Amino acid sequence: MASASSDYGGGALVPISPESQVAAVYPLHHGLKYPISRLSISWSRGNSLRVSVFASPPSGDSVEDDAGGKVVEVKLGGDGEISDAHWRRIAYDSVSPFALLQSRKNAVSSLSKMSMNSPYDADWWDYIMEYSKDINALLGSQISASVPLIDDPKSVINKGEEPTSLKAAWELLEMFYAENPSHSWLPERFVDWLADYDSLFSGTHPTVHSKLVDFQKDLVNLQVVEDDPKYWEVISSALAVGWLDIVVKMLRLHGSYRFDQLSNRETENGLVEAVAVLISKMPRMRLDQEAGKLGECFKAKPDFVKAWEKWRGQISKLDSSAFWFQCAHQQTREGLRTVYFSLAIHRPLTVGLESMYGLAQKSIQLKPMASAHRLMGLIIGIIGENTEVVLAECSKGFGPWMVAHAMELLTARSDHAEMLLHEERQNLGGISIEELHRLIYAQVLSSHPLTWQIAPIYLISCMKHGMVLLQILLSKQPVQDNQLMLKSIEICRLYELRSITSNIMKIAGVHHWKHGRKGCGVFWLQQARDEYRLNRIAQQLFDSVGKSISDESFKQWEGLIQLLGSDSKTAGGLEFLHKNHFCMFMMEKTTDAARQAVESLISLMKNPSTPQRFYLPLLYDSLKLLNWKDRPLLNVSQTNLLLTKLQDCLWQGFGRIS
């Protein structure tokens, strides 16, 4: 991990000024009856704390099951929108798009160095958009209201899939950073986004969506909707945010459209319909228009301005119409006047980010919020073109996953953001902000047993400290679980970490050997080519077998000797035990088999790796061959060799022939 600087923030990894620290309060539901005497806090999985609550029951009371205390897990961050299982699915599904983009970035960067061209060419924009769309898709399906088979005339809004703040935040970043449209189209794109996600803000303050939901509940009991002031208020609110479809649908809920009222309220109905048609023909500056959506779409600004002036002329024409004076229904006349006034002062949605930011700040000053939604701070940071604020809001509101994956969008078309996030900082241990947040996310993944295996993808993208931390991560994985160990070895081989692979195998071999799984231990030590420990094991086997290799102790270790003795380079003298086993086995067979036993015996005697302390047992066991009943099996030179070995044993004092 990057080293902390003592000059900033008292040794903190990321310096934070005291003024910016806001205390977070997390409820602790322990359910204990008695007063709490002591708390113990430790880290749990992921970003959770394990809090042990100890109670102190009064003396004399009967002791109950929960009198001692409770252990409660407190999850830091998050709002419960997404479950832990869903988060893990998102974490796994986002690996592939992230890895693909990193591979493409490296390729584009290499080509740009060769051709001296900027990597942010047309192909790179396509890669960014593909990456963003892939991430957006795994956060949930496209938010859209479900269309009922039978249209309910009194249904203002249709209930669709419940949106999440995470998907809303990602679509905001995609809209303002990944896409590369003219700024003139952004307000209309923002209108579409607000139509999908306005319901998320309803929990903190009143929204147009909440007004529509409340009015739809009241609509069932309303006989004459135009007499209700809330009806006109909701229409004006929906028009203010550009929801033309809902405005037109609500206008046509007017009582003058009823068959039994058309003949009596023809003038009134004509006025309502004229306003509805004008709204449905409002020019819109946007790339495309979804099927069934109202408004006339224009891609080029000159065409849009021309159509807008023509549309404004039609509004002025309606203002001088005699229908206003002929309309006898006062509530309709006043309500339509309010809607008409909104149309008259309506400005075309072609403003840039600077104007949007000014409007947002003015709105916040006029209507300050006691507790703003986490998306609100992100919106202000985006339209204010403040990368630091956007990064901070992503981290505070949506956690390490969001920051680690949103970096590519933030730097997509901003040289300032790229310099800010890629600059190496001494107070961060010489790493960049981008690498820091990737390391933080990798640390979160590493802390959970179900996600640690995808952490290497993010560590390997960190040029400064990623490889070192990857080696530490793999070295600390437990070897008790065979599948887990095989996964660690697979990752090591993928990134060519041969030394780490060898260490894991050595640790596994020692672990299995100490826990009685001798064969498994020898296998992993052989895979690690650990000659030192294998030779020590071989020496232990010599001591265990004893003086006579035809002893029962040989049968006890026969399988292990077979495993170790198959390669003379690995276990040295244990090859002797392996060959001797074959020799003893062949002595009990036919004459042809006995000849093979003689060859094996002579080979053992000539082999310098055969321990001298086994010469006498070998010579004693070879008496069967010397006294073979059918015919002599040893020639003169072979017999002399055995006599020479016997003489060596006598001189060395290994034994005495009784």
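In the predicted model, R438 and E434 share helix 17, where 4 residues, about one turn of the helix, separate them. A salt bridge connects the two side chains, with 3.4 Å between the closest N and O atoms. E434 has a relative accessibility of 10% and therefore falls below the 20% limit for a buried residue. These interactions extend beyond the pair, as salt bridges with shared partners join K105, E408, E434 and R438 into one network.

Within this network, R438 also forms a salt bridge with E408, for which the closest N and O atoms lie 2.8 Å apart. Because R438 belongs to helix 17 (residues 433-446) and E408 to helix 15, this contact ties together parts of the chain that are 30 residues apart in sequence. Both partners are buried: the relative accessibility of R438 is 3%, and the relative accessible area of E408 is 2%.

Across the whole structure, 19 salt bridges are found. One of them pairs the side chains of R284 and E188, at an N to O distance of 2.9 Å. This pair links distant parts of the chain, with R284 located in strand 4 (residues 283-285) and E188 in helix 5 (residues 186-197), 96 residues apart. R284 is buried at a relative accessible area of 5%, and E188 is likewise counted as buried, at 4% relative accessibility.

E434 is also a contact partner of L421, a residue of helix 16 (residues 415-422). Beyond its neighbours up to four places away in sequence, L421 touches L391, M407, L410, T411, S432, I433 and E434. Among these partners, S432 is 11 residues from L421 in sequence, and their C-alpha atoms are 6.2 Å apart. L421 has 0% relative accessibility and is therefore classed as buried, the limit being 20%.

The largest nonpolar core comprises 129 residues, of which L172, L173, W193, L251, I279, L375 and L378 touch the most other members. Helix 15 (residues 387-410) supplies the largest share of this core, with 12 residues. Residues are contributed both by domain 2 (198-349) and by domain 3 (477-529), so the core lies between these domains. Another core, of 17 residues, lies apart from it and includes A594, L601, Y615 and L633. Within the largest core, L378 is one of the residues that touch the most other members. When residues up to four places away in sequence are excluded, the contacts of L378 are A169, L172, L173, V390, E393, C394 and F398.

At the surface, I36, L39 and I41 make a nonpolar patch of about 290 Å². L39 is part of strand 1, which spans residues 36-43. With a relative accessibility of 47%, L39 is counted as partly exposed, because this value lies between the limits of 20% and 50%.

Over the protein chain as a whole, 31 helices and 5 strands are assigned. Of the 658 residues, 43% are buried. The accessible surface amounts to about 35900 Å², and carbon and sulfur atoms account for 54% of that area. Among contacts between residues at least 6 apart in sequence, 61% join residues at least 24 apart.

Technical notes. Residues are numbered from 1 along each chain as its sequence is written. This is a predicted model: local features need pLDDT of at least 70, side-chain atom pairs count only at pLDDT 80 or more; totals for chains, interfaces and linings use all residues. Side-chain values use heavy atoms; hydrogens and water are left out. Helices (H or I, at least four residues) and strands (E, at least two) are DSSP runs, numbered from the N terminus. Buried means under 20% relative accessible area, exposed over 50%, partly exposed in between (1.4 Å probe, protein chains only). Contact means heavy atoms within 4.5 Å. Accessible areas come from the Shrake-Rupley method with a 1.4 Å probe; for residues, only the protein chains shown count as cover. Patches are made of residues with over 30% relative accessible area and no salt bridge: like charges are joined within 9 Å, nonpolar side chains (Val, Leu, Ile, Met, Phe, Trp, Tyr) within 5 Å. A salt bridge is a side-chain nitrogen of Lys or Arg within 4 Å of a carboxyl oxygen of Asp or Glu. A nonpolar core is a set of buried Ala, Val, Leu, Ile, Met, Phe, Trp, Tyr and Cys residues joined through side-chain atoms within 4.5 Å. Domain bounds come from an automatic or database domain assignment.
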